Amino acid sequence: MITVTKINDRDIVVNCDLIEMIESTPDTTLTTTTGRKIIVLDTVDEILEKVVAYKGRISRVKTE
């Protein structure tokens, strides 16, 4: 799960395993596997960094 900021400045937590696509047009839009679209203030690069960090934490827990 990662935290992103919606365009109304409210933080939400998103299951990053459900993110199918991230677009920057110019707003950053997350599209989930369920078809839901979420417009966020985070950049594509910021979201990718959050996903990589989350996945890294998960893989460390599994190997311990």
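Buried means under 20% relative accessible area, exposed means over 50%, and partly exposed is anything in between (1.4 Å probe, protein chains only). Keep that in mind for the close-ups below.

This is a predicted model, where local features need pLDDT of at least 70, side-chain atom pairs count only at pLDDT 80 or more, and totals for chains, interfaces and linings use all residues. Residues are numbered from 1 along each chain as its sequence is written, and side-chain values use heavy atoms, with hydrogens and water left out.

**View 1. The whole chain has one helix and five strands.** Helices (H or I, at least four residues) and strands (E, at least two) are DSSP runs, numbered from the N terminus. Follow the sequence along and you get β-β-β-β-β-α. The C-alpha trace spans about 40 × 25 × 20 Å along its principal axes. Of the chain's 64 residues, 28% count as buried.

**View 2. Ile-39 belongs to a nonpolar surface patch.** Ile-39 sits in strand E5 and counts as partly exposed because its relative accessibility is 36%. Its partners in the patch are Ile-7 and Leu-41, and together the three have about 270 Å² of accessible area. Such areas come from the Shrake-Rupley method with a 1.4 Å probe; for residues, only the protein chains shown count as cover. Patches are made of residues with over 30% relative accessible area and no salt bridge, joining like charges within 9 Å and nonpolar side chains (Val, Leu, Ile, Met, Phe, Trp, Tyr) within 5 Å.

**View 3. Lys-55 and Asp-17 meet in a salt bridge.** That term means a side-chain nitrogen of Lys or Arg within 4 Å of a carboxyl oxygen of Asp or Glu; here the N to O distance is 2.3 Å. The pair links distant parts of the chain, 38 residues apart: Lys-55 is in helix H1, while Asp-17 is in the loop between strand E2 (11-14) and strand E3 (19-24). Lys-55 is partly exposed at 39% relative accessibility, and Asp-17 is partly exposed too, at 47%.

**View 4. Lys-50 pairs up with Asp-42 in a salt bridge.** Their closest N and O atoms are 2.8 Å apart. Lys-50 is partly exposed, with a relative accessible area of 29%, but Asp-42 counts as buried because its value is just 7%. The structure holds two salt bridges.

**View 5. Thr-43 is in the loop between strand E5 (37-40) and helix H1 (44-63).** With 38% relative accessibility, Thr-43 counts as partly exposed. Look for Cys-16 as well: C-alpha to C-alpha, Thr-43 and Cys-16 are 15 Å apart in space, and 27 residues apart in sequence.
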